[in-house]
Amino acid sequence: MRRLFSRYRILLPVVSLALLLVATFYMQPRTMSYFGVNLLFNLAVPIALATVAQMCIMMVEDIDLSVGAFVSLTACVTATLLNDQPVLGVGVLACLVAAYAVMGAVIHRLELPAIVVTLGMSFVWGGLALFILPTPGGASPGWLRSMMTSTPPMVPMAVVASVVIATVAHLLVVRSGIGTVLRGVGGNARSVARAGWPVIRLKALAYGLAGLFGVLAGMALVGLTTSADANIALRYTLLSIAGVILGGGEFTGGKVSPVGAVIGALTLTLAASFLSFLRLSPDWQIGAQGGILIIVLMARLLFTRRNTRDG
Amino acid sequence: MSTVAQDSAPIVALTDAAKSFGAVRALDGVSLSIRPGECLGLVGHNGAGKSTLVNVVNGGLAPTSGRVDFPASGADTALVAGVRSVFQELSLCPNLTVAENLRISHSGLCGPGWRRAARAEIARTLDTVFPGHGIDTETTVEELGIAERQMVEIAIGFAPRGQDVRLVILDEPTSSLDAAIADQLVVYVRQFCAQGGAVIFISHMLGEVFAVASRILVMRDGKVVADRPVAAFTRQGLVDAMGHVADDDTVAAVTRDLGPEVVRTDDGLAARKGEVVGLSGLAGHGQARALAHLYLGTTSAWRGRRDPKMVFVAGDRTRDGILPLWPILRNISIGVLQQFSRRGLVDRSAETALAGDWKHRIGIRTGDLANNILSLSGGNQQKVLFARALASTAPVVVMDDPMRGVDVGTKQGVYAMIRAEAAKGRTFLWYSTETDEVCQCDRVFVFRNGRISAELTGDAITEEGILRASFEMQDD
Amino acid sequence: MTTLFSRPWIWSWLAAGGAFMLTMLLTEGRGAGELAYAALSFGAFAAIVGLGQMMVITLGPGNVDLSIPAVMTLSGTLALKAMGSVPGAEYWGLGVAVAVGLGAGGANFALIYLLRLPPIIATLAASLVYQSVAIWSNRGLRIRPPEALADFATGRAFGIPNVALVGLMLAVVVWVVLERSIWGRWLLATGQNMRAARLAGVPVQIVRAVTYLTVSVLAAVAGYLLASFSGGASLNMGQEYLLMSIAVVVIGGTSIAGGNSNVPGVWGGALFMFLVVSMLNSYGFGAGVRLVLTGSIIIGIVIVASTRRARP
């Protein structure tokens, strides 16, 4: 019995996504095809990457209110610098990742509230994005465009990308030794420090990873939309928080699941299109995301209650 | 075994080590050496200096004076010398699996395949220490029961982790283990010492200490009062050595007429009107939880009352008592604001008058009640918390070890005030880690392992009686 | 003088004053009245939602209301729809707005308390639903407010914009509640240490519930006024107030760690946020530089505040 509950954390997101997918297929059988599935999940890829970025921050018990602005910025860099001057573009993106790591170290060193620092940084990222790309436009580098729109045999690109993201993040955060220590920082920072680890470097590493995934999210987004603007991904901030929670993650205790986070992002994307197939008005798309979030969290509460009673 | 102990260099040697916290000498000049093959049983009552000694040995605290050396290894730090500690508070990461927790304290595990190596190492250690343990190394720690967590923690303490384990400090290792598993640990510790390791074993189960130790160290008031081979002790002798034998002139509480019963809980705690009820036993055996449970169950988080049924005096001031951003004045008045309100607004002149009155009655040493609460010394902060509670009209006062870090003069004043209030018909439930305080009560409940192990009244309230009930005497 | 400078809110007012002076330096004193008037008008909305957010943040770490923009939009939309441009329906509309606020605040707290969700995620999930209700009821129509209400929202009394007068009045009420009332003491105690407050006899759950209701009602009133001010509700009218409401609280000197409110600072922060934008605009800086500076200022203030706290 315990074994089953020990896996409920990932079971619940999987079941929610599967139920939603089945319902969608039932409503609209035409989506049950190569192109249908690709259409349903296409825009989920950048969201999944942004969600993994948010997860890296939550892993060390912080929260990032700047993910959306940061992804917008990296999208703008991708659509301009990376396209026009690839070397400079890569350099700028690397600097942005480093900036994230520095932000993590500063938050830890000065014991600042992450929520306010990232709030301030969201203005900074937004400003830089406007600076780079004052009006919507730019163009996607050709290789990126062809990668995001490629049509691999049998399985659509959106699915392949999601699986790859989930696998890489899982290896990095769950399987690897350093990922384990990073989760340990969220679980019991004191005992990690007592064992001789430099917590400030671990925090910087977690933030750096978040920056890396944020960069990838911006690139993936431009590959899909072929252009960018400074506000293109602002809603990712809230979506990424919701995605992590939906995927079984928690704000405290270093309890995160990369696979769950990707599934959470897919569920939120699917929830938006689902109701349009129900022939309900598209007005309710955003509300459906909120509703599904609440329902899944309610289900999780039932599971955890039973779990504590058993154990 | 004893021959080994004589021959080799000590693993750790303390020379006249002392540690003071402010005016308190927690460790008062202790010299001690632990050799390979020894198992040192460490006993003493609350505040005897056991945990300070342990922290000085494992490098967690630097001694104020004296030396700590590691002659056997020649190392500079306890970690390099192979000294490990298994603490009473859980120091595992609850979100990681058993094997992953080993990774946290063993940074040598890296590269591909570290997971398999970690699993093998922790499983091997668990199998050796607790044969038939039934713990899956891939379960996350938060899903384990409390006993299993403690077993994992002990196993990580004894696991090789790429170096020689020379000394393992076990602080109450069996507090949540059942008898059969505790026996396994005792057997393993003996075996570990026979192979040249050393252990410091702290426990309130005297039977276990006798079973496992080769030598017993008794501490009292920061000093070592007895240090002899185990055969030189009897159980009675051990209890006597822990107590203040000379102090037998405490005034027994005068028998008074008490009112009807006003408190009665499911776990057996009871008090009558005007009674001072003591809660005793070793720290962390459920007294604080019982009091918090009682208080939270009696009062409401949804409705404030002008006439509360119960008030709480916190002992852990930072966690439970002090509102750190506020001046002394507001810290006193927070519990009684509704007594002098006008249409929901605070009557500030009445508030100032009340706080000024209590400043004199309880003797809070400050120039100005508008100063921040943190400008006060610990003892004076505690007086503020007493004033907050006593200023209310509540008939029952619950006190959770309120005399921590309070000087003697203050204590005497507060004792007198408690007596006076009790005579006027207030009921006190008073948890204290200091036995002489508990001895002033009308009735004492002694806690052990989260339950009441004895109820003492009248002449039966003695230090010896409390010690007997706090420590498990029989082999079980 | 030293006591004045030890007040945490003074810095937001000095910063706002500095931004004002720098703008005036450029225009050589022309348009001072107009700038002050605009700052008061637009600052009022940020100040009203900031007051609510401040009370929530005062509740302690982890407490923040992310549903403010959605509640503003929903209340603006529903109130204007209920009034339907009919003269004399102003109070009916205000009633609808307050009811929206009470409903949203109640729902938020129910999610926090009953489902034990962290407030961030509870208010976030609820806000998605409120947003949808607003979209659904709005249907792209732009209903104008009754003329008298529009006149009130854009009008002035004693040379001060009416919305700013409402904002000032609310600030005074909040100040009295926090500084002088028992309920305010309870809120501040809860925010410093919820466990200690509970053990001191403070009814912490009702304090939390009322706080979450209050923030939503304030957001709803701000939405009602903003929709009347700008001649109709729009679906993104609340958008900028998500970060704005947190920013004015932090700039105003309220501690993000809880237990410490600062009412004057909220107004100072709100004025500053408007004035710094107009200053940078009049110096010809683009929107990009403006945002970068705003963000840097927020972070700078947090760093200064936290290092000053650590020193004594």
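Me: How many residues of chain B are in contact with chain A?
Reply: In this predicted model, 19 residues of chain B are in contact with 19 residues of chain A. Two residues are in contact if their C-beta atoms, placed from the backbone, lie within 7 Å.

Me: Which helix gives the most to that side of chain B?
Reply: Helix H3 (residues 98–105) of chain B does, with four residues. Helices (H or I, at least four residues) and strands (E, at least two) are DSSP runs, numbered from the N terminus.

Me: And how do the residues on that side of chain B divide by class?
Reply: Nine are nonpolar, seven polar and three charged. Ala, Val, Leu, Ile, Met, Phe, Trp, Tyr, Cys and Pro count as nonpolar, Asp, Glu, Lys and Arg as charged, and the others, Gly among them, as polar.

Me: How are the numbers and letters assigned, and what does the model require?
Reply: Residues are numbered from 1 along each chain as its sequence is written, while chains are lettered from A and ligands numbered from 1 in the order in which they are written. As the model is predicted, local features need pLDDT of at least 70 and side-chain atom pairs count only at pLDDT 80 or more, whereas totals for chains, interfaces and linings use all residues.

Me: What does the model score, and what is the mean pLDDT of chain A and of chain C?
Reply: The scores are ipTM 0.85 and pTM 0.84. The mean pLDDT (the predictor's confidence in each residue, from 0 to 100) is 87 for chain A, where 94% of the residues reach 70 or more. For chain C the mean is 87, and 95% of its residues reach 70 or more.

Me: Where in chain A is the pLDDT below 50?
Reply: That is the case over residues 307–311 of chain A. Beyond near neighbours in sequence, this stretch has five contacts in the model.

Me: Now chain C: how many of its residues are in contact with chain A?
Reply: 39 residues of chain C are in contact with 38 residues of chain A. Helix H6 (119–138), helix H12 (241–251) and helix H14 (287–310) of chain C each give two or more residues to this side. H14(C) supplies the largest share, 15 residues. By class, the side of chain C that touches chain A has 28 nonpolar, nine polar and two charged residues.

Me: Inside chain A, at what angle do helix H3 and helix H9 pack?
Reply: H3 (residues 34–41) and H9 (residues 157–175) of chain A pack at about 55°, with their axes 7 Å apart. That makes H3(A) oblique to H9(A). Axes are lines fitted to C-alpha atoms, for helices over the stretch in contact, and angles run from 0 to 180 degrees between N-to-C directions. Angles under 35 degrees count as roughly parallel, over 145 as roughly antiparallel, 65 to 115 as roughly perpendicular and the rest as oblique.

Me: Which residues make that contact?
Reply: H3(A) contributes Val37(A), Asn38(A) and Phe41(A), and H9(A) contributes Met157(A), Ala158(A), Val159(A) and Ser162(A). Five of the residues are nonpolar, two polar and none charged.

Me: Back to chain B: what domains does the assignment give?
Reply: Chain B has domain 1 (2–242) and domain 2 (261–470); domain bounds come from an automatic or database domain assignment. The C-alpha centres of the two domains of chain B lie 36 Å apart. Six residues of domain 1 are in contact with eight residues of domain 2.

Me: What is the order of the open sheet in chain B that includes S5?
Reply: The six strands run S5-S6-S7-S3-S8-S9 (chain B), with mixed pairing. Two strands pair if DSSP finds at least two bridges between them. Strand S5 (83–86) and strand S9 (223–229) of chain B stand at the edges with a single partner strand each, so one side of each is left without a neighbour in the sheet. S5(B) and strand S6 (residues 167–171) of chain B pair in the parallel sense over four bridges, and Val83(B) stands opposite Leu167(B).

Me: Which helix lies across S5 and S6 of chain B?
Reply: Helix H5 (residues 146–158) of chain B does, running at about 175° to S5(B).

Me: And what order has the open sheet with S13 of chain B?
Reply: The order is S13-S16-S17-S12-S18-S19 (chain B), six strands with mixed pairing. Strand S13 (310–313) and strand S19 (451–457) of chain B are the edge strands. Helix H13 (residues 378–390) of chain B lies across S13 and S16 of chain B, at about 180° to S13(B).
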